[in-house]
Amino acid sequence: MYGCSRIKRLWSVWLSGALLLLTMLEATAAEPKRVLLLHSFGRDFAPFSDFAVRFRDELFKQSPDPIDLYESSLMSARFREPTEEGPFVEYLRTLFAERKVDLIVAFAAPAAQFIQRYRPQLFPTTPMLITAVDERRFPNNDGLTANDTIVALKVENSRYFDNIRRLLPETTTIAVVIGDSPLERYWVGEMRREFQQFTGLHFEWLNTLSFNAILKRVAALPPHSAIFYPLLAIDAAGVPHEQERALASVYAAANAPMFSIIDNNFGRGVVGGPMISTQELGRRGAEVAVRILGGVPAASIKTPPLGLGTPLYDGRELRRWNISEARLPPGSIVQFREPSVWQEYRWEIAAAAATLLMLVAIVALLLVERHRRRKAELQSRSRLLEVMHLNRTAAAGALSASISHELNQSLGAIMSNAEAAELLLSATHPDLGQVQEILADIRHADQHAADVIQNLRKLLKRQSVIEAHEFDLNDVIAGSLPILLPEAQNRGVALRTDCSRRALPVLADRTHLQQVILNLAMNGMDAMMGSASQVRTVTIQTALNEGHEVEVAVADSGTGIPAEIMKNIFETFYTTKPQGTGLGLSIARTIVEIYGGKIWAENRAEGGAVFRFTMPLATAQVI
Amino acid sequence: MTAAPLIHVVDDDASFRTAIARLLRAAGYQVVLYESGDAFLSQPVSAEDGCILLDVRMPGFTGLDLQNHLNDLDCILPVVFLTGHGDIPTNVRAVKAGAEDFLSKPVAKEKLLEAVERALARCIERREERDQINRLRDLVSKLTPREHEVFSLVVRGKLNKQIAAELGTSERTVKAHRRAVMDKLEVDSLAESVSIAERLGMLSNSAEKN
C-alpha cells in the first residue's frame, strides 16, 4: 500500500514534468505558470502530503496554462526548538532570483508563517494560497495580507465523538493517539479544551508516551474503549514516524476500534465517520489557485472552511467491531464492504446451485425412474412366475392320468394288503410273519404315494420369489423321472437317461429346471404321437462342457422340426399342437436365460429333434 | 372239491402284484403272478379252471393287446381288468372284447372277490360247454365220411329222397346211414341231431360252403 502510493506519486510527478516539457516544446508563446508548493513538515508528511497530492492532481487538471511546479519543504516545523532559517531563505532566493513565481501554496501554518516572515525578501508580490490548515490558525483571516487567501479546513473534534458514541454507545474510554511535535502539541491543547464538554468520557492522552509505549497501551485498553487517532508525527521520545506505517502498527496492536478525522487514513483500519475529505480540499485549493493564476486578486477570494464530509465507514471494521449498519447516520457511505461470498461469487454460486438443483432433480428423476422400473420388474417377475406356475399346472394337468394311475397303483396295493392282513388275522392261527411283511409293504406303498404327491406339490408350488440354490442337475433329472416315466409308459414311449457320472452343480431354482426338463420331455413325447410304437424314444442326456458349463440334451425319435418352424419354435404362443398353449418352450427359454444359460433346438442326423440347453457351472470343476 | 381255482395276475407293478396275490391266497385261491403280458404268454395256457386279473396299462404288451391275443387263442379263461386310471373308451373296448369285469384300483375285497367268483363261474360254464362240444365232436368224428355227408344233409332238413339224389344212391341206403348216424350220435330224434350240428357250428359252415 505504502510503496504503491509512493510509486504512484513519483509517477505523477514524473508525468507532470513530462507534460510540462511537452507543453513547453509545443507552446513557445505560452509562458508556464510557476507555482511553488511549500510544505511545513516535509513532502511526505501525512496528512499534508495527501492534501498536496490531491492539490497537484487537481491543479494540473484544472489549469488552462502549463504549470511549472516547484516543491520545497520547511522541515523545521517538525522540530520543537527554533531552527536557523537563514540558509533556507537564501536557497529559495537563489532558486527564484531569475524565475518569477506566480503562486505560492503553503501547506499548513508553519509554511504560511514562514512566507509571511520572508515575503519582502523573497516574493514581495507573489500571491499566496494557504491550505491544509485549520481555520482557527488564522481566525477571521487575521494575519493575512492582501496577497494571501486561505482554503482552510474545519476540524470539529467534538462532532467526531458524537460519531463514536453513536456507533459504540457503551464507550467509556477514549485513547487519543497523538505525538509530541509542536503541531501535535498545538492540537493536544486544542482538543483538551474542546473535550472538556464530554463529561461522561475518560480521555487517555498518549502524547507523552514513546511509540512502543503507545503500542503497548493500545493493546491493553479496558473494555468499551475507542482509539482516536488524529495524527502521530513525532513521539514523546522525539522519534519521527512515517504516518502510514505508524498507523498500521497501531492498528495491528489495538484492541479497540480506531477513529480518525481526515479521510487519508480511511481504509487503513479506521472505522470511519464524518471526515475531512483530502480530495475535496485539494479540489477547492486547485480551484482557487487557478483563479489566482488567472489574475484574480488573492484577497478577494473568500473560501469557506471545509468541514466534515459525508460519513464514510469501512465495512470490514464495522464487522470486526460488530457495529450494526443500522446505527450509522442516515446518508452514510459504507466502503470496503467485505463482499459476502454470495456477492463475490453470485453467478458462480447461482450456477453451482442451479447445477446442483439440476443434478438433484435428475437424481430424483432417476430414483423415481428406478423405483418405477424396479416395481415394473417386480411386477413382470411376478407375472413371469405366475405364467411359469400356470405352465407347470398345465403340465401337471397333462400328466394327471399318469399321476392318478401311479397313485391308484399304490392305493390298490395298500388296500389289497390291508384286506389280506385282515383275512390272515381272522384265521385261528394267524401267520404273523406274513402280516408283518404286509405291513412293511403297506408302508412302502404309502411312502411311494406320498412321494408322488410331494413331487406334484413341488411342481405346483406357487412362488413369489425365485429361490436359487446350488444342486446337482443330475438329481433334478432323476427327480423328474417318477413324473415322466408313467406318462411315457402311458404313451408307449421309451424314456432313457444318460447322465454324466460327475456331479453337475448349478445355481438355480430346482423347480424351474425340473419344469424345463418336463417341458422338453413332454414336447419330445408330443412330437412322436404319430410314430410307430417301436421307435418312440426320448433320451435325456447331461454332460459337462469344457469344465465351465453343463449341457442337457433332450432328444426324441420323431420326425424332426420343419425348417419354417425352427426359427419361431421358442416364441411365446407359437404352437403347432391342437392343444398346445405355445408356452412350454418359451418358458423353458425364459427359465434357462434367467439363470444365464442358452437353449436351442436342432434336428438329429439319425432323425428326430434334439433340444439342448446349457447352464453355467456353479463351482468350477477340476477336470 | 378238487384243487382251488387258479388266478392269473398280470401286472407290472410288483407291490400291487404281491398285495393282490396275498389277498387272493388268503381268500383261498391259487395265484400265479406275471409281470407282463409276454411273461403270461410264454407259459402254456393253463388247463385248470381260473381267471386272469389283468392290468390295463403295462409297458410293451398292454392289457387290451393281451386280451385280444387270448381271444385269438380261444382261451376260456375270463379276463377281469384292473386299472389305475380307467377312462371310458378303454373300458368300452375291454368289455366289447369280452372282458368279464372292469375294476378300478384300489378295489375293495368284496368287489374283487365277487368279480373273481363271477369269472370263475363263467370259466366253469365255458369249460363245461367246451367239454360238451368236445364230446359231441368226438361222436361226430366217429361217423364214416358217408355217414357224415348224410348227417350234414339231414340236419339241413333234406328228405331221404333228396339226399339219395344228391349223393347218387338209393333212398334205402340213405335210411340205413341215418340210423347209423343216430346210433353213433346217441340221439333219438332229428331235432337232437340238428341241435348237435348247430352247437358244433356245422350249420353255418355248411351254409358258407353252399
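Two strands count as paired if DSSP finds at least two bridges between them. Keep that in mind for this tour of a predicted model.

**Stop 1: a strand pair.** Select residues 173-178 of chain A, which are strand 6, and residues 225-231 of chain A, which are strand 8. They run parallel, joined by 5 bridges. Now pick A:A175. Its bridge partner in strand 8 of chain A is A:I227.

**Stop 2: the whole sheet.** Widen the selection to the 4 strands of this open sheet in chain A. Their order is 7-6-8-9, with parallel pairing. Why do strand 7 (202-205) and strand 9 (258-259) of chain A each have one side left without a neighbour in the sheet? Both stand at the edges with a single partner strand, so one side of each has no neighbour there.

**Stop 3: a helix across the sheet.** Add residues 182-195 of chain A, helix 6. This helix lies across strands 6, 7 and 8 of chain A. Its angle to strand 6 of chain A is about 160°.

**Stop 4: where the chains touch.** Show chain B as well. Here 22 residues of chain A are in contact with 18 residues of chain B. On the chain A side, helix 13 (400-425), helix 14 (432-460) and helix 15 (473-490) each give two or more residues. Helix 13 of chain A supplies the largest share, 16 residues. By class, the chain A side has 10 nonpolar, 10 polar and 2 charged residues.

**Stop 5: two packed helices.** Finish with helix 16 (510-527) and helix 18 (584-594) of chain A. Their axes are 9 Å apart, at an angle of about 145°. The crossing is left-handed. Among the residues that meet are A:H512 and A:V516 in helix 16, and A:L585 and A:I591 in helix 18. This contact has 8 nonpolar, 5 polar and no charged residues.

Technical notes: Residues are numbered from 1 along each chain as its sequence is written. Chains are lettered from A and ligands numbered from 1 in the order in which they are written. This is a predicted model: local features need pLDDT of at least 70, side-chain atom pairs count only at pLDDT 80 or more; totals for chains, interfaces and linings use all residues. Two residues are in contact if their C-beta atoms, placed from the backbone, lie within 7 Å. Axes are lines fitted to C-alpha atoms, for helices over the stretch in contact, and angles run from 0 to 180 degrees between N-to-C directions. Ala, Val, Leu, Ile, Met, Phe, Trp, Tyr, Cys and Pro count as nonpolar, Asp, Glu, Lys and Arg as charged, and the others, Gly among them, as polar. A crossing is left-handed if the near helix is turned anticlockwise from the far one by less than a right angle, and right-handed if clockwise.
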